[in-house]
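Trainee: Could you take me slowly through one part of this protein, starting with a single residue and then showing me what lies around the other parts you choose?

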Amino acid sequence: GVSIGLWAQTDQPGGTFLWSQGLGTDSLVYVEPSSNDFYSVEYNLNGCISNTAIATVTVLPTPVASISGDDLICSTQPAVLNGSANLTGGTYEWLPNNETLSSITVYPMLDTDFGLIYTLNGCPSDTVNFNVEVIPTPLLSVPNVSVCEGDVGTLTAYPSENGGTFNWFPGGFTTSSITISSDTNVTYNVSYSLNGCTSEIQSAELIVNEIPSLILADIGICNGDSGTLTAVPSTPGGVYTWTGFSETSAT
């Protein structure tokens, strides 16, 4: 598939060349054989014909490359591409990352075209292309929920795109929300699958808060005097609400 120039040289200029195969009378001719071939030329000067010079052109086979591998992946997965050729012993060049192994592992985040050139004995193959289609892996968020002891809580998973399926564990629930009753803190895990791609596993905790108890002792006062009521909680750190008063402190 490549042409090559044959240049006949002589020590006495002024004559004419006569090439075989009808190539003409110039000193330089171009040939493009499809297989090994030889060419001869004679030189005529003043009726004297030189010896016949012969050049052999060896035609090297142009290899044919091909690519196989993962043409459809999720955005969090790698794709393995395998290069091959009809002739062995050559070298590989992958585009656009210029790797030289026969098989490569790539991590495209978007649809990407990869190319391969296979070179044997200086003859490169045509560039063969391979498209890897990338399906976005869904994202998932699940906030923690806090409830009082004895109440039920609802954990809800929020996906980046609707239309998929949920998988909660433990329990094996498949809805976006689950309702839980527990006496102690409990953690649930959930994943979300859409278009064959599964999100990373997310965890959410149902936080169960103890219901506080409160002691408020009676007091006695004389008519016309003031008195102090003091509330004593089982667990400090909360807010007080007095009936008929705006104060929010314990006293």
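Mentor: Let us begin with Leu216, which is partly exposed because its relative accessible area is 44%, a value in between the limits of 20% for buried and 50% for exposed. Please keep in mind throughout that this is a predicted model. Leu216 has its place in strand β24, which covers residues 214-216, and on the surface Leu216 joins Ile219, Ile221 and Leu229 in a nonpolar patch whose accessible area comes to about 340 Å² together.

Set beside this a residue from another strand, Ser40, which is found in strand β4, residues 37-45. Ser40 is buried, because its relative accessible area is 18% and buried means under 20%. If we leave aside the neighbours within four places in sequence, Ser40 is in contact with Leu18, Trp19 and Ser20, and also with Thr52, Ala53 and Ile54.

From single residues we can turn to how strands are arranged. Strands of a sheet pair through backbone hydrogen bonds, and this pairing may be either parallel or antiparallel. In this model, an open sheet of 3 strands follows the order β7-β9-β11, and its pairing is antiparallel. The edge strands are β7 (65-69) and β11 (103-106), each of which pairs on one side only, and from one strand to the next the twist averages 25°. Looking at one of these pairings, strand β9 (residues 79-85) runs antiparallel to β11 and is joined to β11 by 4 bridges, while Asn82 stands opposite Ser103 in β11.

Note on methods. Residues numbered from 1 in each chain as written. Predicted model: local features only at pLDDT ≥ 70, side-chain atom pairs only at ≥ 80, totals over all residues. Heavy atoms only, no water. Patch = residues over 30% accessible without salt bridge, like charges linked within 9 Å, V, L, I, M, F, W, Y side chains within 5 Å. Areas by Shrake-Rupley, 256 points an atom, 1.4 Å probe, with all protein chains shown as cover. Salt bridge = Lys/Arg side-chain N within 4 Å of Asp/Glu carboxyl O. Helix = DSSP H or I, 4+ residues; strand = E, 2+ residues; numbered from the N terminus. Buried < 20%, exposed > 50% of the residue type's maximum accessible area, 1.4 Å probe, protein only. Contact = heavy atoms within 4.5 Å. Pairing = 2+ DSSP bridges. Axes fitted to C-alpha atoms, helices over the stretch in contact; angles between N-to-C directions.
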